[in-house]
Amino acid sequence: MGVQGNGAAGDVPALLAEIARSGARFGATADGLTDSGVRAPSRLPGWTRGHVLAHVARGLDAYTWLLGLARTGVQPGPRAGAAESARAVAEGAARPAAELAGDVRTALRRMTAQARALPAGAWSTRVTALAGWAHPAWFTLFRCLRELETHHVDLDAGYGTADRPAGYVLRALESTVPTLAVREFPLARIEAVDLGRAWTVTPGAGRVAAGPGHALLGWLTGRAPGAPVAAGGRGLPVPPPWPLPPVPGWGGSAAGVS
């Protein structure tokens, strides 16, 4: 059990197709927001919807940067650090709604164009997340998909966990559950009843979380603490902060980034 289920270099076309559909859904929601709407609170504490939109756009820029590095082996300009990204989000959040929505669309087009320019052999190149863990370039696409789906819910503008495609929910669970097992999270099993899938987490832990896959993912990612998840035995434990570095972790050196 591991993130291999989330894709590999040969799965790039499928991931790009998923990103295109997810981006279209996200863009439609963003286009429907007014100037007052983007000033309204999001689901994220202290952030407006404008903050979420600006964050997504800058996150897409970060993925474009990583893919450019994988394509050429050379850093494509300075890399924005955490403090610089935070400033960009804070400043960008105050822009008009149409400008914020356009920023996301433009950033997604840049990222997609960079991905389509990547030679087939470059998808296995190791790059490094800003948090410091390495992964193959193809996993950048899953991170992009996860960013769009997670923050679409965070916008609190009509798109909820139940609206997510089952394929994405399964991919995200297959990436998340192994990280819990490695950390011996005090849960015996996770059962996605609608997907017909179950995962062993920590044998003998005694508790089972079961429910629709989207509700389980919402709970594990801190996006739906009140989701209808049934527990066997004592109450459910609190999941660790998400997302965590994937399993197997893909150690080793990155392409020009430390």
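## A hairpin of two strands

In strand 4, Arg197 is the bridge partner of Ala192. This pairing belongs to a predicted model. Strand 3 and strand 4 run antiparallel, and four bridges join them, with strand 4 covering residues 197-200. Together the two strands form a hairpin that has four residues between them. In the turn, Gly196 has a positive phi of about 65 degrees.

Ile190 offers a view of the surroundings of this hairpin. Apart from neighbours within four places in sequence, Ile190 is in contact with Arg197, Ala198, Trp199 and Val201, among others. Its further contacts include Val177, Leu180, Ala209, Leu216 and Leu220.

## Overall architecture

The protein contains eight helices and six strands. Their order along the sequence is α-α-α-α-α-β-β-α-α-β-β-β-α-β. The protein has 258 residues, of which 52% count as buried. It exposes about 10,800 Å², and carbon and sulfur atoms supply 57% of that area.

The contacts also show how the chain is folded back on itself. Of those with a separation of 6 or more, 65% are between residues 24 or more positions apart.

## The nonpolar core

The largest nonpolar core has 64 residues, and the members that touch the most others are Leu53, Trp123, Leu141 and Ile190. Two or more residues come from each of several elements: helix 1 (12-31), helix 3 (49-72), helix 5 (97-116), helix 6 (139-154), helix 7 (166-182), strand 3 (189-192) and helix 8 (213-220). Helix 3 gives the most to this core, namely twelve residues. Ile190, described above for its contacts, is thus again of interest here as one of the members that touch the most others.

## Salt bridges between distant parts

The structure holds 13 salt bridges. One of them is formed by the side chains of Glu18 and Arg171, at 2.6 Å from N to O. Glu18 lies in helix 1 and Arg171 in helix 7, and the pair links distant parts of the chain, 153 residues apart. Both Glu18 and Arg171 are buried.

A second salt bridge brings together the side chains of Arg43 and Asp156, at 3.4 Å from N to O. Arg43 lies in the loop between helix 2 (35-39) and helix 3, and Asp156 in the loop between helix 6 and helix 7, so this pair ties together parts that are 113 residues apart in sequence. Is Arg43 buried, exposed or partly exposed? Arg43 counts as partly exposed because its relative accessibility is 43%, a value between the limits of 20% for buried and 50% for exposed. Asp156, with a relative accessible area of 35%, is also partly exposed.

## A buried pair and a network

The side chains of Arg223 and Asp154 meet in a further salt bridge, at 2.8 Å from N to O. Which parts of the chain does this pair tie together? Arg223 lies in the loop between helix 8 and strand 6 (230-231), whereas Asp154 is in helix 6, so the pair ties together parts that are 69 residues apart in sequence. Arg223 and Asp154 are both buried.

Some salt bridges also share partners. Through such sharing, Arg58, Asp61, Arg95, Glu99, Asp103 and Arg110 are joined into one network.

How values were computed:
Residues are numbered from 1 along each chain as its sequence is written. This is a predicted model: local features need pLDDT of at least 70, side-chain atom pairs count only at pLDDT 80 or more; totals for chains, interfaces and linings use all residues. Side-chain values use heavy atoms; hydrogens and water are left out. A nonpolar core is a set of buried Ala, Val, Leu, Ile, Met, Phe, Trp, Tyr and Cys residues joined through side-chain atoms within 4.5 Å. Buried means under 20% relative accessible area, exposed over 50%, partly exposed in between (1.4 Å probe, protein chains only). Contact means heavy atoms within 4.5 Å. Accessible areas come from the Shrake-Rupley method with a 1.4 Å probe; for residues, only the protein chains shown count as cover. A salt bridge is a side-chain nitrogen of Lys or Arg within 4 Å of a carboxyl oxygen of Asp or Glu. Two strands pair if DSSP finds at least two bridges between them.
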